[in-house]
Each structure stands twice: as C-alpha cells, then as structure tokens.
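Here are some notes to go with your first look at this one. Have the viewer open while you read.

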Protein chains: 2
Amino acid sequence: MIAMGRGKKEEKFAKVCSLLREHGVRITNVRKAVVKELLNGKQHRHVEELCRKLASKGVSRASVYRTLSLLEHVGFVSKVLYGERHSHFEFLSIGEHHDHLICIRCGRIVEFKSSQIERLQKEIAKKHSFELKGHVLEIRGICPQCKRLNKEQEKTVKDC
Amino acid sequence: MIAMGRGKKEEKFAKVCSLLREHGVRITNVRKAVVKELLNGKQHRHVEELCRKLASKGVSRASVYRTLSLLEHVGFVSKVLYGERHSHFEFLSIGEHHDHLICIRCGRIVEFKSSQIERLQKEIAKKHSFELKGHVLEIRGICPQCKRLNKEQEKTVKDC
DNA sequence: TTTTATGCAAAACTTTTGCAGCTGA
DNA sequence: TCAGCTGCAAAAGTTTTGCATAAAA
C-alpha cells in the first residue's frame with residue numbers, strides 16, 4: 001500500500017471539506033482531525049485504532065463514531081468487515097482500490113487487484129442507475145497453507 | 001430468492017453433517033437444529049432472527065453463536081455486513097449466489113447476479129491457490145431515488 | 001465411560017444517545 | 001447570536017466465556 005503524496009492528500013482534504021459543506025455540515029476541528037487521521041493512515045482501519053490515535057488529540061470516542069457515520073453518509077468512507085469481529089472503515093473513490101482473499105480458517109488476508117472487477121462494478125452500478133462510490137469484494141476460501149495442514153493433521157486446524 | 005426443494009435440502013443437510021464429522025465435531029441436536037433452520041430460511045439472516053427462532057426449540061443464544069462460528073470454520077456459512085450494524089450470515093457454496101448494490105444514503109439493497117463476477121472470483125482464487133468457498137461483493141453508491149432527492153432538497157437526505 | 005457440547009448468567013466489547021456546555025459561521 | 005457540535009457518562013446492543021450439567025460416541 002502506497003502512502004499518498006502530500007499534494008494529493010491536501011487535494012483530497014479540500015474535496016472532503018467541500019463535500020461536507022455541500023451537505024450543510026460544519027467543518028469543525030474535530031472533523032478535520034478525523035479526516036486528516038484517515039488520510040494519514042492506511043486505506044483501511046479499525047475504529048479502535050482511530051479512537052486511540054484521535055484521543056491524544058482530544059477527540060472523543062463518540063465523536064469518532066459520529067464523524068465516521070457522517071463521512072459514510074457523504075460517501076468518503078465505507079464500513080467493511082474483512083471477516084473480523086469489529087468493523088473497519090475504508091476510503092471510497094480514492095483510486096488504488098484493492099480487494100481481498102480471506103482464509104476462513106486462519107484469517108489470512110491476501111490483497112489483489114483486478115481491473116476487470118473494477119470495470120464490471122462500474123457497469124453494474126450504471127445499469128441500476130447508482131452513482132458508484134466504491135465496493136467491497138471479499139473472496140472467502142481456504143488458503144494453501146491451511147489446505148496442506150488439513151491433510152496432514154485433520155484436527156489441529158486452529159493454529160494455522 | 002427461490003426456496004430450496006426438499007430433496008436438495010436433505011442432500012445439503014447430509015453434506016454439512018459429513019463436513020462436521022470430517023472435522024471431528026459431534027453431530028448434536030442443537031447443531032442439527034441450527035443447520036435446519038439455516039436451510040429453511042433465506043440465504044442471508046440476522047443472527048438475532050436465528051436466535052429468536054431457535055430459542056423456541058430450546059437452543060440458547062450462546063449455542064447459536066458457537067454453532068455459527070463452527071459452521072463458518074468448516075465453510076458452510078460466512079459472515080457478511082450488508083452495510084448494517086449487526087452481522088448477518090450467509091450460506092456459502094450453495095449455488096444461486098447473488099450480490100448487492102447498497103445505497104449509502106438510505107440503505108436500500110438491490111440484488112443482482114453476474115456470471116462474469118462468478119467466473120472472475122474462481123480465476124482469482126485459483127491464481128492464489130485458495131480453495132474457493134464463497135464471496136461477498138457489495139457495490140456501494142447512491143441510488144436513483146436518493147440522487148433525485150439530493151437535487152431537490154439538499155438537506156433532507158435522511159428520510160429517503 | 002469419557003469427551004465434548006450446552007445452558008445459564010455474567011463479562012467483555014462495540015456502538016449509540018441524552019444532555020449540558022461549547023463553537024463555527 | 002444560535003443552530004449545530006462535542007464530551008461525558010450512561011445505556012443499549014452484540015458476542016464471548018466460565019462453569020456445572022447434559023448428551024454423544
């Protein structure tokens with residue numbers, strides 16, 4: 001995953017601000033902090049991690065949740081699952097999107113990109129008159145390591 | 001969504017049982033009840049709804065969760081998000097899979113099927129030596145109704 | 001008989017909310 | 001100014017766990 005360049009980050013930041021304004025939402029310090037934190041980190045994040053980082057800037061947990069749902073509403077982030085318990089958030093429409101293969105045994109996540117899938121989702125959105133904002137594709141299966149383990153020792157699958 | 005025929009259901013039930021046995025897991029009444037309930041309902045379900053239905057058969061909430069995670073591990077169900085708060089579960093590898101377009105404004109869900117996507121996911125899994133068990137594709141965007149509303153009255157987006 | 005599963009109730013988490021005070025436009 | 005944000009703390013909701021008992025093999 002490549003970090004965004006400074007220029008691009010600022011451009012994106014401005015775009016989010018204007019998105020918020022369009023929705024009649026105030027641009028507050030708290031919201032700026034959340035957006036900046038999102039832009040500074042990886043493309044997908046635990047809410048928990050965001051809360052921890054933002055707490056040091058005086059942003060409360062409640063505000064993190066409130067801001068995320070606001071940003072989801074305007075189409076800047078999207079909730080994703082990635083086979084785990086707690087929710088993650090991911091940027092939308094930021095280019096450089098990738099999808100995931102997830103092992104249902106050990107949780108291993110393999111990233112991949114597919115231009116064909118990008119193309120297909122555009123077609124599908126268009127066909128249903130949706131304004132495309134992003135997508136989540138998780139392919140679930142059993143990874144090569146777990147398949148091998150499975151054969152060797154049928155019962156100790158946990159510690160793959 | 002078409003309900004499964006009786007014969008197909010029984011066949012599937014037998015398959016799950018043997019899957020469980022393969023994993024050295026006991027076939028208990030509770031587990032049978034959960035699997036049957038899953039096979040009798042829609043392809044994706046709220047955990048909450050499952051708990052309610054199974055409670056009347058004497059199955060506890062804890063067992064529903066335990067059984068679901070077991071079934072997830074053997075590859076019979078998969079956790080999905082569908083843009084909502086609480087988790088849903090979905091059958092895997094049961095054929096007749098469909099994906100979803102989700103409106104980030106109003107939560108509207110539109111189902112669609114794409115044989116091209118089915119084909120692509122198979123290729124991708126194969127390429128990474130994963131044993132394919134299923135996939136989740138959610139395309140997120142703004143539905144035609146919300147787009148219209150957006151233009152008409154910029155600020156009352158909630159009650160789309 | 002022995003091992004594994006279950007129900008119960010409590011604990012651990014995650015997310016939302018009401019409200020009083022604060023802040024951005 | 002003042003509608004809209006925010007933090008706090010409490011509530012609500014979801015998922016997991018320990019343990020005594022029950023059920024499967």
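The points below take the sheet, then the helices on it, then the DNA.

1. Keep in mind that this is a predicted model.

2. Start with the sheet shared by chains A and B. It is open, has six strands with mixed pairing, and reads S5(A)-S4(A)-S6(A)-S6(B)-S4(B)-S5(B) across. The edges are held by S5 (109–112) of chain A and S5 (109–112) of chain B; each has a single partner strand, so one side of each has no neighbour in the sheet. On average, neighbouring strands are turned by 20 degrees against each other, ignoring direction.

3. Zoom in on S4 (residues 99–103) of chain A: S4 pairs with S5(A) in the antiparallel sense, over four bridges. Within this part of the sheet, Asp99(A) sits opposite Phe112(A) of S5(A).

4. Next, the helices on the sheet. H5 (residues 115–127) of chain A touches S4, S5 and S6 of both chain A and chain B, and runs at about 130 degrees to S6(A). H5 (residues 115–127) of chain B also lies across S4, S5 and S6 of both chains, at about 130 degrees to S6(B).

5. What surrounds DNA strand C? There are 20 residues, with Tyr65(A), Arg26(B), Thr28(B), Gly58(B) and Ser63(B) the closest. They split into six nonpolar, six polar and eight charged. H4(A) gives the largest share, four residues.

6. Finally, the arginines. A polar side-chain atom of Arg26(A) is 3.0 Å from a base nitrogen of strand C, while one of Arg26(B) is 2.6 Å from a base oxygen. Arg31(B) has a side-chain N or O atom 3.0 Å from a phosphate oxygen of strand C.

Notes
Residues are numbered from 1 along each chain as its sequence is written. Chains are lettered from A and ligands numbered from 1 in the order in which they are written. This is a predicted model: local features need pLDDT of at least 70, side-chain atom pairs count only at pLDDT 80 or more; totals for chains, interfaces and linings use all residues. Side-chain values use heavy atoms; hydrogens and water are left out. Two strands pair if DSSP finds at least two bridges between them. Helices (H or I, at least four residues) and strands (E, at least two) are DSSP runs, numbered from the N terminus. Axes are lines fitted to C-alpha atoms, for helices over the stretch in contact, and angles run from 0 to 180 degrees between N-to-C directions. Contact means heavy atoms within 4.5 Å. A residue is near a molecule or strand if one of its heavy atoms lies within 4 Å of it. A polar contact is a pair of N or O atoms within 3.5 Å; within protein, one must be able to donate a hydrogen and the other to accept it, and residues adjacent in sequence count only if both atoms are side-chain atoms. Ala, Val, Leu, Ile, Met, Phe, Trp, Tyr, Cys and Pro count as nonpolar, Asp, Glu, Lys and Arg as charged, and the others, Gly among them, as polar.
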